[in-house]
There are 4 protein chains.
Amino acid sequence: MITTNPLDGDHFKDECAVFGIYGHSEAAALAALGLHALQHRGQEAAGIVTHDGTQFHAHRGIGLVGDIFADQAVIARLKGSNALGHTRYSTTGEPMLRNVQPLFAELEIGGLAIAHNGNLTNAHAVRKELVRGGCIFQSTSDTEIIVHLMATNPGTVVERLIVALRQVEGAYSLAIMAEDCLIGVRDPNGVRPLVLGQLDDSYIFASESVAFDIIGADFVRDVEPGELVVINADGVHSHRPFPPAQSRFCIFEHIYFSKPDSVVDGTSVYEARKRIGAELAREMPIDADIVVPVPDSGVPSAIGFAAEAGLPYELGIIRNHYVGRTFIEPSDEIRHFGVKLKHNANRAAIEGKRVILVDDSIVRGTTSKKILEMVRSAGAKEVHMRISSPPTTHSCFYGVDTPERDKLLAANNDVEAMRKLIGADSLAFISIDGLYRAMGLPGRDPEAPHYCDACFSGDYPIRLTDQIGGNGSRQLSLLAETG
Amino acid sequence: MITTNPLDGDHFKDECAVFGIYGHSEAAALAALGLHALQHRGQEAAGIVTHDGTQFHAHRGIGLVGDIFADQAVIARLKGSNALGHTRYSTTGEPMLRNVQPLFAELEIGGLAIAHNGNLTNAHAVRKELVRGGCIFQSTSDTEIIVHLMATNPGTVVERLIVALRQVEGAYSLAIMAEDCLIGVRDPNGVRPLVLGQLDDSYIFASESVAFDIIGADFVRDVEPGELVVINADGVHSHRPFPPAQSRFCIFEHIYFSKPDSVVDGTSVYEARKRIGAELAREMPIDADIVVPVPDSGVPSAIGFAAEAGLPYELGIIRNHYVGRTFIEPSDEIRHFGVKLKHNANRAAIEGKRVILVDDSIVRGTTSKKILEMVRSAGAKEVHMRISSPPTTHSCFYGVDTPERDKLLAANNDVEAMRKLIGADSLAFISIDGLYRAMGLPGRDPEAPHYCDACFSGDYPIRLTDQIGGNGSRQLSLLAETG
Amino acid sequence: MITTNPLDGDHFKDECAVFGIYGHSEAAALAALGLHALQHRGQEAAGIVTHDGTQFHAHRGIGLVGDIFADQAVIARLKGSNALGHTRYSTTGEPMLRNVQPLFAELEIGGLAIAHNGNLTNAHAVRKELVRGGCIFQSTSDTEIIVHLMATNPGTVVERLIVALRQVEGAYSLAIMAEDCLIGVRDPNGVRPLVLGQLDDSYIFASESVAFDIIGADFVRDVEPGELVVINADGVHSHRPFPPAQSRFCIFEHIYFSKPDSVVDGTSVYEARKRIGAELAREMPIDADIVVPVPDSGVPSAIGFAAEAGLPYELGIIRNHYVGRTFIEPSDEIRHFGVKLKHNANRAAIEGKRVILVDDSIVRGTTSKKILEMVRSAGAKEVHMRISSPPTTHSCFYGVDTPERDKLLAANNDVEAMRKLIGADSLAFISIDGLYRAMGLPGRDPEAPHYCDACFSGDYPIRLTDQIGGNGSRQLSLLAETG
Amino acid sequence: MITTNPLDGDHFKDECAVFGIYGHSEAAALAALGLHALQHRGQEAAGIVTHDGTQFHAHRGIGLVGDIFADQAVIARLKGSNALGHTRYSTTGEPMLRNVQPLFAELEIGGLAIAHNGNLTNAHAVRKELVRGGCIFQSTSDTEIIVHLMATNPGTVVERLIVALRQVEGAYSLAIMAEDCLIGVRDPNGVRPLVLGQLDDSYIFASESVAFDIIGADFVRDVEPGELVVINADGVHSHRPFPPAQSRFCIFEHIYFSKPDSVVDGTSVYEARKRIGAELAREMPIDADIVVPVPDSGVPSAIGFAAEAGLPYELGIIRNHYVGRTFIEPSDEIRHFGVKLKHNANRAAIEGKRVILVDDSIVRGTTSKKILEMVRSAGAKEVHMRISSPPTTHSCFYGVDTPERDKLLAANNDVEAMRKLIGADSLAFISIDGLYRAMGLPGRDPEAPHYCDACFSGDYPIRLTDQIGGNGSRQLSLLAETG
């Protein structure tokens, strides 16, 4: 059986999105819409917690936002004018309801809900210490560490959160809802995005600005790296609880994760991708007839490439928008079957042509190989692959689902070997300096790179404590659970 | 809408059953069967946790045991030769999956699963203290208190459990599974039942002996009040960690809760009920033509009554064994409709007769009233109600779902007033001394009653700390959850 | 896996119940309740069709009545003051929604819904002829033949129905709803029951009188064998369209099929069963200590037996009322496991006793064998089996699900051989004359038996055309369908 | 609540797709894949019937193909080397399982399954006649008429089919599976598409060639208008049973219905749409900065338009690929909410620009209005709407779901009025002659148009018998059914 997901199986996957709104009479409905707009960041589970001034209300489920919150009665039960939402991509095994965020806990100072985009890199070490002190974990999520650190320290919600965050390492953009406030905070390097919006008198945190567009809210600004923003009855309050640090925003958000219509890190993602495509065309030109995107990830960079190269942009591959839960693979040898559930070569556009195929990245290379064969068997005379990111040679530990390093095609092969493996007439990647140029910088400064580009460079900006301690593969729970 | 449950809505309800098995290759399947045999003690949710020597496996669900564990694949995933199961009656609101037992937690010393029949009477007080110390509760269950007390104290599993139990008050029969042992323990007064069985080389704890019968296991003995029994690779070990206390087994287990084919507290429940019926016939005789049980709760005592009274035993009320989820009540005035979903008067047996109707108890009296009207309109000449328990004048706080005291008919009415309300020609209850006589004692000794009979006498053997502290109605959680 | 049904797997099974009501504002709700009361006649699917004066409305489903019609919105959509309902036991393979009755068809004269209890014995022959003439069948049900015969003949609804019924052979109690009337009709021999009831100004047809009790309606009378009763705006009209024939009511309705609280064929089923038990005690006495029914089918006859024999009636076998969808059978050798899902021996009542076990019939003998072993291993000193029907030596073709003849234990074994097979100390059946005596007749008159007793005597009152023609095993449909 | 479908609510909708395969060992799996590729033609229900040489097997369901056939066991039950599939868009009310095709019937000559794309225009008249003759319809589908006409006429399958088709009027592309052959046939005017493909030794009929691509089959040719193609063990046989007629292929298949990667009517749909866009740019030029498609329907024509106009093609509107079942609409006034579930304006691409927005058609105009407002509020300086079809002034009766005529914006408004209503700075449609030119003809010849263009011209090529007879709004069934 083949499971078909709207997102291609051969991509890095961002693991989560967060959404929090303070002070709107329809908080739960708006949170559901905001999460729907952020669905591309995590398609396997979602949840919303609201607070009505007295009590918290929660609904969590496995599946797409639009299904989990389809029932009007569900939204109606989520009372209150503050809401916190989360949608996630589950990294391992069967998704468990108890891992679905927002997490909720009752502390001495009242109820607390927390939603996390990112990944803590010293989770195992801290968790072990907390269990030794008598803490009982209800999930296998690293996020719960922050909750326990808040529970076992004194002070107000903000004070406890600051103490807790000073003990954890890693990438995090958090939205937290307590009884009297909503908090948004990014780690000191600002690896993952978090933006602040406004709808009338309400303030909103979201992973990307598209969550504002869907509800008619206005984009205000990015939450800054290392900034902790508190929204309460008195308005918006900015805190800077950490020592200054280099800004290291994840460059892959621009390449693939964020939606093209989003503005993150102060930039339009669509325009960034077009510029990357154009830079790629300048760096790696090739004589050809048409430019064809691998839909949908390659579309904006293909537009930029085609315009820069002065070549026609053609839909040489058509995507099927209908996906079901699973599909039977015929046992006969029907070639490239899996890829054809989602893509079909458009023979009329391709036949007899020299084709430049533009995609955003090559991870394992399996899908690229199948797409190339499909394009060739539809009659392309030549196929030249152009990739709008440098070769991905390293895994990510900051909240992105990537294969183990030895599964990364570029970690074990040079470009020529990769070309042969995927079967292209030529293959080229944008250079890391070219990528920085496309983002408006003179190139990468090895002393102070503006972005986290560890997956290309191996330069990890935040310590990988659990990896060093050999905890990386430690089983996170003694319990395998269903039901 | 009318929900129809196999158990009548106008009864006290035992809240739980536990089942644990150590050392059998089909532990999960046997646990599912054992829980099925104990289903009458809790019909709303069930769960099983197993341990395979390395890892724990859990499956929990809302509904009947036979549905939750119907899928062979579910049983297959519950690997291991030790298993712990629980089935529960949910007392408040919508059942939540996170409240379904066995609870599971990872302590410093490893994984731990716990299943509880009973109720702690100082839960609020201890919980408040634990939250103040930084503990985060994942359920609203009083049982979780024991887990946190174990987590925050040092020592082995058994040492931690003993320290924990010395801090709690209430009624409990617990089955606990740790990585290397299975533990069964009853509170010092032994309010709720727990029995020990054996199947080949495996040992089993269960709430009642019927759980042994279904899997072909042998009944060994009751776990004694205040006894803590540990089963591990070395065999069965008995501990007595508490100071000696009066044995106060719940007399209502004999009257209604336990299955008639069970042996609990050293006695056959069926024989006890027949003796109670006979004693009732001696105490409260009446001139009549036939003895009719209210099915199924009144059947054994009606057989005992009829034999003692020398009157024919007749099925004057026939039960419908088919129950669906809910049923529409016609808006027209169709009399006694709800009761008729389950019962129908057997006119041929009743018409023109003087009927003695035998039931086990009257709680609110609503069902009794409807049944009496149904029997009368089927042509009974006289209807005499005989109840095989004393009037229930007090609520239970030891793990039984009872209405608030002011909803108990007998708390606010004398027998004559009750007779009028339910519309009987005569009404009589067995006396509390008669009940003790039926159990083989000379009568109730006010200084040292052998049973907990608080629901009849108001004599509560265990302190009601939360009630005294006014915590009784305190909301147990700030969170209302679905999904 | 073992599927557990409320009805024992080793019984003949009546295949259907019908319910029709004319002229009540809550017709659909009352039909759902009536079907619930008749659920014992068919537990696998149910449907209701209503007519609101203009349009028909239908809802059909697989499962129990109480589940299919649990949703208030379903009942609300079934508008109109006339309703027709059906519940069925599906005889072969997976139940198909298109076979669930009532069947509905639009004829030239308007819509028509039909519900059938019974079985046509020339269905294959007539169906073949109709297909040859261009008729297209939508179900594999024999009932649809009547609809096509009505469609292809001229006249009013009643005229068409009479013409159709004159072409079919078999046993049928039909309830039919057309746009302006409700019709009830029994075949000339009156094999299956059909009774007429009244609720205020509404008239009702039902398979048994228990359907009247649940809605507070009054029993009026049996529809007579060969009688066709039309209810319309002008009242109740009786027709006699067939030549006179011997009345041959199914004696097994009294022995097992009908509910004990029903009145069918002019007699209380409960009283009939007690009389049969008493006659059995007279015919086949035995020295013993207690009389134990096999629940629930043996209960009334055991009461009659015990009273006649002057022996105590004891619940030596306790039934489990909770049944789930399926249950895993442990692969270990756990004896009599399947039977224990539903029954448990009550050791306290049985141990050391000479037990008379009373049941209604032995079909394959498999369950009897397991129950006997269970009773013995609970300590019974002797076990004497008494059966309240003669040996079942022949299959039924009149609407009852029976095994092929070679699977019937009594077709291939004498009583002594059967005794050995099931492991009883003694085994005895009531004689066929004894059975007739219990029903108030002097004995069976071979020339004019009052009942259909073909399953005991092989004397089939209605021609078995399809069997003779060798059509019996012909596949009824070329289509195997799901979804 | 707002239901979100992958296809926009303001479009004409093709009602069905058919797929038939003869002689392949994995017929059912290939049919499921073929239907998945044709899902855009009907998203509400699907079914497959197979034949294994002896028996037919069917599975039908409500929902998407990928869900209905997700279970490997379902495919495994659909045995046989011949398969027939159908996917449909349900036009009225709740979809009923009995209306889901393929229809199946047993005729005197054996089983028959039929799948239909199109609509009969004399269905009511013929149905009335058939019911008068005694036929009973099981569905409300016009397709069943053909089955009854085949049942009530003599001859072979092909003979009966020809007789039946000579009695019906309308548009139809049928695939029919009998016991020994697979048949494909198009109506004499060839309104709807049907293509023939080949996979090794197997032959395939499908509505569009994309169904061949997904399974690696080869496109052979169109089935010709009025051609009846029989595939059996002897190969492929072409029949011409109808008098010659004008070819009138639905031009809207090129504009919107067919997938861009399909070849139908001898032409690549993608290339046709690009040519239409280019012709539109020539006919209706405008001074602007960028060309933006309304995704996804306007993409190919926008590419053609931009290339012809020499303007940049930009993704000014981004589509959300995640759709759930339904979505709560906030009661607050959040503007254009419904449209934003699927689309978001890409402010970075649009702000300050003069935008040409290209879409395929305007039906009611509601969506266009919302999209225009969204684009404007994202900062567009001017918005010029260009439509790649002429104004749709007439309803379709040939198998396309269109609103009643008075709901069509263009039926009641001239272009200037429409421009004002949708709020564009300019609005222009391609002319009908321009459309014919884009298809390679000199323009429309009023005497002999090559296409059916009735929705633009009102020139209906096939008689509308039911409309003339006033049967159009007649209720098709007396029965409203659920379950």
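A strand, in the sense used here, is a DSSP run of E of at least two residues, with the runs numbered from the N terminus. Asp14(B) lies in such a run, strand β1 of chain B, which covers residues 13–14. The model in which this residue sits is a predicted one, and the report moves from the surroundings of Asp14(B) to the strands of chain B, the build of chain A and the contacts between chains.

**Asp14(B) and its surroundings**

With 29 other C-beta atoms within 10 Å, Asp14(B) is buried, because 20 or more such atoms are enough for a residue to count as buried. When its neighbours within four places in sequence are left aside, Asp14(B) is in contact with Arg41(B), Phe257(B) and Val400(B). Val355(B), by comparison, is 341 residues away from Asp14(B) in sequence, and the C-alpha atoms of the two are 30 Å apart in space.

**Strand β13 of chain B and its partners**

Strand β13 of chain B, residues 228–232, has 4 of its 5 residues buried, so it is largely enclosed by the rest of the structure. This strand pairs with strand β9 of chain B, residues 181–186, in the antiparallel sense over 5 bridges, and within that pairing Leu182(B) has Ile231(B) as its bridge partner. β13(B) also pairs in the antiparallel sense, again over 5 bridges, with strand β14 of chain B, residues 235–239, where Val230(B) stands opposite His237(B). β13(B) and β14(B) form a hairpin, with 2 residues between them.

The strand pairings discussed in this report, including one that joins two chains, are set out below.

| Strands | Sense | Bridges | Residue pair |
|---|---|---|---|
| β9(B) and β13(B) | antiparallel | 5 bridges | Leu182(B) and Ile231(B) |
| β13(B) and β14(B) | antiparallel | 5 bridges | Val230(B) and His237(B) |
| β4(A) and β26(B) | parallel | 4 bridges | His59(A) and Thr482(B) |

**The build of chain A**

Chain A contains 18 helices and 26 strands. Its radius of gyration is 23 Å, close to the 23 Å that the globule rule gives for 483 residues, so chain A is as compact as a globular protein of that length. Measured out along its principal axes, the C-alpha trace of chain A spans about 70 × 50 × 45 Å. Buried residues make up 60% of the 483 residues in the chain, and among the contacts in chain A with a separation of 6 or more, 72% are between residues 24 or more positions apart.

Chain A is divided into domain 1, residues 13–248, and domain 2, which is made of residues 268–321 together with 334–440. The C-alpha centres of the two domains of chain A lie 35 Å apart. Where they meet, 14 residues of domain 1 of chain A are in contact with 5 residues of domain 2 of chain A. On the domain 1 side of that contact, β1 (13–14), β7 (110–120) and β8 (170–178) of chain A each supply at least two residues, and β7(A) gives the most, with 3 residues. By class, this side of domain 1 of chain A has 4 nonpolar, 6 polar and 4 charged residues.

**How the chains are related**

Chain A is superposed on chain B by a rotation of 180° with 0.1 Å of shift along its axis, at an RMSD of 0.1 Å, and that is the relation of a two-fold axis. The same surface serves both copies, since 97% of the contact residues of chain A recur in chain B.

The contact between them takes 34 residues from chain A and 33 residues from chain B. On the side of chain A that touches chain B, the elements that give two or more residues are β4 (56–62), α3 (72–77), β6 (103–107), β7, α4 (123–132), α5 (143–151) and β26 (479–482) of chain A. Of these, β4(A) gives the most, with 6 residues. The residues of this side divide into 14 nonpolar, 13 polar and 7 charged.

β4(A) also takes part in a strand pairing across the two chains: together with strand β26 of chain B, residues 479–482, it pairs in the parallel sense over 4 bridges. In that pairing the bridge partner of His59(A) is Thr482(B).

Other pairs of chains are separate. No contact joins chain A and chain C, whose closest C-alpha atoms lie 16 Å apart, and chain B and chain D do not touch, their nearest C-alpha atoms being 16 Å apart.

How values were computed: Residues are numbered from 1 along each chain as its sequence is written. Chains are lettered from A and ligands numbered from 1 in the order in which they are written. This is a predicted model: local features need pLDDT of at least 70, side-chain atom pairs count only at pLDDT 80 or more; totals for chains, interfaces and linings use all residues. Domain bounds come from an automatic or database domain assignment. Two residues are in contact if their C-beta atoms, placed from the backbone, lie within 7 Å. Ala, Val, Leu, Ile, Met, Phe, Trp, Tyr, Cys and Pro count as nonpolar, Asp, Glu, Lys and Arg as charged, and the others, Gly among them, as polar. The radius of gyration is taken over C-alpha atoms; the globule rule is 2.2 Å times the number of residues to the power 0.38. A residue is buried if 20 or more other C-beta atoms lie within 10 Å of its own, exposed if 12 or fewer, and partly exposed in between; C-beta atoms are placed from the backbone. Copies are superposed by least squares on the C-alpha atoms of residues with pLDDT of at least 70 in both. Two strands pair if DSSP finds at least two bridges between them.
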